[in-house]
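Q: Please take a close look at a single part of this model, namely a pair of packed helices and the surroundings of one residue beside them. Please also comment on the confidence of the prediction.

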Amino acid sequence: MTTQSSQSPQPLQPPLVPLPAAGARLAAMGAAVATFASTFLAWTWTDEFPGNLTVTGYPGGLQVLTLVGSVLTLLFLLAGLGVRGLRWLTPGGSTSSALMLALGTFATTWYTVAAIAWQLGGLANLEPGGFVAAVASLLLVLSVLGLPADMPFDEEHPPAGVLARFRHVLKAPEPGPAMVLPSWAEVLLVCAACGVGLTVFTYGIGAEAEGFVGFLILTGFAAAGAYRAGLMRRVSSLTHKYRNVALTAAFFSAALFPFTQDSDAYTSVAVSILIFATVAVGLNVVVGLAGLLDLGYVAFLGVGAYTAALVSGAPTAALGVQFPFWAAVLTGAVVSMIFGVIIGAPTLRVRGDYLAIVTLGFGEIFRIGMQNLDGQSGPDLTNGPNGIPGVPDLKMFGFDFGESHTILGFELGRFANYYLLMLLFTAVIVMVFRRSDSSRIGRAWVAIREDETAASAMGINAFRLKLLAFALGATLAGVAGTVLAHVEYGVHPDGYKFVHAVPPNSAFLLAAVILGGMGTLSGPLIGAALLYLIPNKLQFMADYQLLLFGIALVLLMRFRPEGLVADRRKQMEFKEPDQVDAPTHGGGLDTKTGV
């Protein structure tokens with residue numbers, strides 16, 4: 001908790017908008033209520049704009065996001081007044097967090113108004129509710145800017161200029177000591193956080209293109225506001241303290257997702273996200289823990305998929321055999337592991353850029369090799385560029401994954417069946433990663449990643465452990481590939497390029513690990529979900545997809561190089577000690593010793 005001198009307390013930073021503090025807070029609360037009320041009015045007169053914004057009496061479409069943003073802003077403003085039951089929302093300060101939420105509400109509302117005017121041909125297509133929402137959200141931001149900042153400023157070196165003062169207002173002090181709660185209440189908070197995550201994901205995956213853009217805007221500002229309020233750190237502390245409970249609640253919440261869907265339209269996207277995320281976790285073993293830059297990792301996914309297709313009994317499969325699925329999974333995992341050892345044994349003695357070039361070459365060799373095994377350029381094994389279509393649906397213990405089934409009164413379709421199966425594999429792979437990370441071998445991998453020469457001097461067999469990481473990562477990717485072959489009814493060599501418009505591919509897998517946070521458990525899962533879901537929802541921006549993707553990565557490397565979910569070691573590499581997140585309960589590194 002930030003302390004001040006008892007002799008001469010430092011004055012607070014004067015607000016950007018010259019309003020009395022009490023008046024500014026009252027105006028902000030009134031603007032939040034007005035913004036909330038505007039969502040119950042019609043914003044446009046025609047239903048040509050998606051989301052049903054023509055109805056008076058209840059919100060719809062993007063109005064729901066404005067409503068949520070205004071409610072959250074009002075809650076944080078009330079928390080700043082010390083209202084009982086809400087003080088736990090802002091352990092790190094209320095002004096900076098309320099400002100981020102007000103900005104998110106403003107941006108979402110004005111984006112909606114601008115989209116209506118752009119698509120329908122002018123502001124004349126707005127109903128009074130749209131104008132009320134735009135004005136009220138603007139007044140909300142201006143009123144919050146009139147609140148005193150959370151952090152005191154240095155009288156000798158005050159921030160000069162409006163931009164510097166604005167950045168100072170966004171600063172928040174370190175969260176104070178956590179509220180003492182009984183264990184059952186902390187466990188309930190962890191479960192509630194998982195439930196919120198499920199709700200946010202369900203809404204995002206079901207949003208249309210225009211609604212998804214607004215969803216991204218509000219979610220981004222809300223996450224920043226929760227972080228500046230210290231709420232993220234509190235939740236992270238609890239999930240670290242009750243790690244097993246958090247993992248169980250997270251997977252239970254994920255298992256409920258198919259039961260929230262009326263059709264398989266969005267469940268098909270969810271199962272692809274799970275496959276992509278699971279492969280990213282496997283790559284995180286290689287890149288995040290061992291520090292080996294692998295640019296051809298998607299090839300191991302292809303090895304598992306082709307192996308499963310060849311032993312699936314598909315009419316076009318050259319082997320003409322049909323293994324039970326458990327045997328196909330083991331076969332795909334073992335073959336992928338063998339490929340990992342074969343590729344890693346002669347190449348892992350090189351480091352850095354040289355290893356990246358070698359793995360990139362392996363990825364391209366695999367894809368070209370699968371194209372040439374067509375009976376003309378090589379043995380007739382993979383049907384060449386035509387791939388192996390017609391892979392049948394799985395059948396295990398009399399359960400046909402290709403048919404719909406009614407469970408607890410809910411009808412689950414084909415993709416829901418595969419989603420639950422893939423979730424089980426994800427749980428196993430997450431357990432393998434977690435055990436590896438906390439083991440003696442995992443600590444040796446981290447030592448190799450930080451300084452291979454020093455690790456070798458301390459007696460670590462760097463080559464053997466790097467080969468083990470390579471083989472383990474390849475095995476995990478092969479397991480995911482066996483499911484992928486059945487989900488997509490076949491395999492095709494063009495699906496395993498280094499870079500492609502549609503993930504998974506090596507570039508997007510590596511980006512998912514870096515975006516989410518190397519060396520963390522949840523980072524690659526979040527990064528893979530974002531990188532798969534955003535291109536899927538914003539297909540109207542396909543011509544500019546790679547450009548926007550590159551810009552996003554540049555901004556990420558500038559403002560948060562350690563990734564969305566920060567590993568403490570990475571934070572210490574990129575940031576000053578006072579900018580590193582506080583250690584969580586029962587773990588973390590000391591900012592001085594690094595232990």
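A: The following account begins with confidence, proceeds to the helix pair, and then turns to individual residues.

The model is predicted. The protein chain has a mean pLDDT of 81, and 86% of its residues reach 70 or more. Among the elements of the chain, helix α4 (residues 128-145) has the highest mean pLDDT, 92, whereas helix α21 (residues 568-574) has the lowest, 59. Two stretches fall below 50 in pLDDT: residues 1-12 and residues 582-595. Beyond near neighbours in sequence, residues 1-12 have 19 contacts in the model, and residues 582-595 have 27.

The helix pair consists of α10 (residues 267-289) and α17 (residues 462-487). Their axes come within 7 Å and cross at roughly 170 degrees. Because angles over 145 degrees count as roughly antiparallel, α10 is described as roughly antiparallel to α17. On the α10 side, the contact is formed by Val271, Ile275, Thr278, Val279, Gly282, Val285 and Val286. These residues meet Ala469, Phe470, Leu472, Gly473, Leu476, Ala477, Ala480, Leu484 and Val487 of α17. By class, the contact comprises 13 nonpolar and three polar residues, with no charged residue.

Val487, one of the α17 residues that meet α10, is also in contact with arginine 414. Arginine 414 lies in helix α14 (residues 414-437). With a relative accessibility of 8%, arginine 414 counts as buried, because the cut-off for that class is under 20%. Two polar partners of its side chain can be specified. The backbone oxygen of histidine 486 is reached at 2.8 Å, and the side chain of tyrosine 489 is joined to that of arginine 414 by a polar contact of 2.8 Å. Leaving aside neighbours within four places in sequence, the contacts of arginine 414 comprise Asp264, Asp393, Phe401, Gly402, His486, Val487 and Tyr489.

A second buried residue may be set beside this one. Serine 137 is found in helix α4, the element with the highest mean pLDDT. At 0% relative accessibility, serine 137 counts as buried. Apart from neighbours within four places in sequence, serine 137 is in contact with Thr35, Thr105, Phe106, Thr109 and Trp110.

In summary, α10 and α17 run roughly antiparallel with no charged residue in their contact, while the buried arginine 414 directs its side chain to the backbone oxygen of histidine 486 and to the side chain of tyrosine 489.

Conventions:
Residues numbered from 1 in each chain as written. Predicted model: local features only at pLDDT ≥ 70, side-chain atom pairs only at ≥ 80, totals over all residues. Heavy atoms only, no water. Axes fitted to C-alpha atoms, helices over the stretch in contact; angles between N-to-C directions. Helix = DSSP H or I, 4+ residues; strand = E, 2+ residues; numbered from the N terminus. Parallel < 35°, antiparallel > 145°, perpendicular 65-115°, else oblique. Contact = heavy atoms within 4.5 Å. Nonpolar A, V, L, I, M, F, W, Y, C, P; charged D, E, K, R; others polar. pLDDT = per-residue confidence, 0-100. Buried < 20%, exposed > 50% of the residue type's maximum accessible area, 1.4 Å probe, protein only. Polar contact = N/O pair within 3.5 Å; in protein donor to acceptor, adjacent residues only side chain to side chain.
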